[in-house]
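Grab a pencil and work through these exercises with the structure open beside you. Try each task on your own before you read its solution.

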Amino acid sequence: MSYIPLQSRGVIVLYGPDTRDFLQGIITNDINKLDSQKAIYSLLLSPQGKYLYDFFLIKHGKHILLECENTYLQQIIEKLDLLKTYLRVKIKDVSALYKVGVLFNTEHPSVIEVADTGIQPASHTGITPSLPNSSVTRWNDIAFQDPRHKSLGMRVIHKDEIKEPVGDFAQYEKVRIQNLVPDGAKDMVQNSSFPLQYLIDKVNGISFNKGCYIGQEVVNRMSRQETFRRKLYLVEGNSVLPTIGTKVMNENNEEVGELRSSVDNIGLALLNTGKSHSSLYADGVKISAC
């Protein structure tokens with residue numbers, strides 16, 4: 001097992017008697033899931049149903065922690081302050097107090113699990129996480145299985161150092177990509193990307209049963225479509241893939257889509273579902289869509 005620091009992530013704390021009702025009315029996921037699990041993954045959308053921000057919401061006593069990309073942290077605080085109006089909700093940046101990381105088993109990335117009674121490895125691993133001061137239960141409230149996919153290990157929000165060897169972030173990213181898990185800040189475009197085209201419902205980021213939230217009508221309408229004009233695919237190249245945003249062309253020299261995040265020769269691409277995916281190329285690199 002290894003520890004991968006996520007230095008690009010920050011933490012916001014929300015508290016006050018109206019916090020859960022406030023979040024329930026604006027996010028794509030169901031805040032009530034925190035009654036039975038430690039964390040949820042969710043998005044905040046524009047009224048037109050397009051991506052603005054994605055984040056994790058973590059139950060921490062009477063507070064809710066919001067773990068997000070540092071790039072958007074202040075934007076998120078300003079947006080939440082604007083939306084909460086008269087509600088009794090306090091919002092504070094606590095990134096200076098916390099670090100964010102992932103406990104990740106590079107050999108068996110899907111075996112780390114978090115139970116409500118503490119941090120536990122799957123029974124067949126024989127590994128016990130070496131968390132600070134050997135205190136497993138101390139970290140129970142701020143350590144959680146990544147709700148998007150079990151292979152992504154256990155996320156940890158912590159103050160003290162984690163006494164595990166530092167892992168390979170590229171390996172972690174490769175596992176994320178191979179499992180078709182988009183990274184909102186990398187793969188999606190603010191005020192442009194539709195979450196269902198990026199398979200956010202497949203990574204437990206959307207509840208279709210929770211009631212109203214910002215952008216819900218568009219999400220529900222798209223969910224009734226049999227096919228999308230564009231959709232996220234896993235792609236593999238015959239050499240290292242070019243950068244995010246590189247156009248993908250097909251054998252008919254038609255623009256089919258564009259690359260998103262990648263590691264070495266595997267990546268994600270948003271492709272037009274109505275055009276041929278045979279003999280795809282991106283900046284001279286031959287790729288195939290899986």
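**Exercise 1: The start and end of a helix**

At the start of H3, a side-chain oxygen of Asp168 comes to within 3.0 Å of the backbone nitrogen of Ala170. Keep in mind that you're looking at a predicted model. Your task: find which residues of helix H3 (residues 169-178) are buried, and what phi Leu180 has after the helix.

*Solution.*
- Step 1. Go along H3 and pick out the residues under 20% relative accessible area, the cut-off for buried. You should get Tyr172, Glu173, Val175, Arg176 and Ile177.
- Step 2. Recall the geometry: an α-helix has 3.6 residues a turn, so residues three or four places apart point the same way.
- Step 3. Move past the end of the helix. Leu180 follows H3, and its phi is positive, near 55°.

**Exercise 2: Putting a sheet in order**

Work out in which order the 5 strands of the open sheet are arranged, and which strands stand at the edges.

*Solution.*
- Step 1. Trace the strands across the sheet: the order is S3-S4-S5-S2-S6, with antiparallel pairing.
- Step 2. Look for strands with a single partner. Strand S3 (39-45) and strand S6 (90-93) each have just one, so each has a side without a neighbour in the sheet.
- Step 3. Check the twist: on average, neighbouring strands here are turned by 30° against each other, direction ignored.
- Step 4. Zoom in on one pair. S3 and strand S4 (residues 51-60) share 7 bridges in the antiparallel sense, and Ser42 sits opposite Phe55 in S4.
- Step 5. Now find the helix that packs on the sheet. Helix H2 (residues 70-84) touches strand S2 (9-15), S3, S4, strand S5 (63-69) and S6. The direction of H2 makes about 135° with that of S5.

**Exercise 3: A strand with two hairpins**

Decide whether strand S14 (residues 255-263) is largely enclosed or largely open, then describe how S14 pairs with S13 and with S15.

*Solution.*
- Step 1. Count the buried residues: 7 of the 9 in S14 are buried, so the rest of the structure largely encloses this strand.
- Step 2. Take the S13 side. Strand S13 (residues 247-249) runs antiparallel to S14, joined by 3 bridges, and Met249 faces Glu255. Their hairpin has 5 residues between the strands, where Asn253 takes a positive phi near 60°.
- Step 3. Take the S15 side. S14 pairs with strand S15 (residues 266-272) over 5 bridges, again antiparallel, and Val263 stands opposite Ile266. This hairpin has 2 residues between its strands, and Asp264 in the turn has a positive phi of about 55°.

**Exercise 4: Positive phi in loops**

Find where Thr85 and Asn191 lie, and say for each whether the residue is exposed or partly exposed.

*Solution.*
- Step 1. Start from the rule: most residues other than glycine have a negative phi.
- Step 2. Thr85 isn't a glycine, yet has a positive phi of about 40°. Thr85 lies in the loop between H2 and S6. The relative accessible area of Thr85 is 54%, so this residue is exposed.
- Step 3. Asn191 isn't a glycine either, and its phi is positive at about 60°. Look for Asn191 in the loop between helix H4 (184-187) and helix H5 (216-223). At a relative accessible area of 48%, Asn191 is partly exposed.

**Exercise 5: The whole chain**

Say how many helices and strands the chain has, and what share of its residues is buried.

*Solution.*
- Step 1. The tally is 5 helices and 17 strands.
- Step 2. Of the 290 residues, 52% are buried.

Conventions:
Residues numbered from 1 in each chain as written. Predicted model: local features only at pLDDT ≥ 70, side-chain atom pairs only at ≥ 80, totals over all residues. Heavy atoms only, no water. Pairing = 2+ DSSP bridges. Helix = DSSP H or I, 4+ residues; strand = E, 2+ residues; numbered from the N terminus. Axes fitted to C-alpha atoms, helices over the stretch in contact; angles between N-to-C directions. Contact = heavy atoms within 4.5 Å. Buried < 20%, exposed > 50% of the residue type's maximum accessible area, 1.4 Å probe, protein only. Polar contact = N/O pair within 3.5 Å; in protein donor to acceptor, adjacent residues only side chain to side chain.
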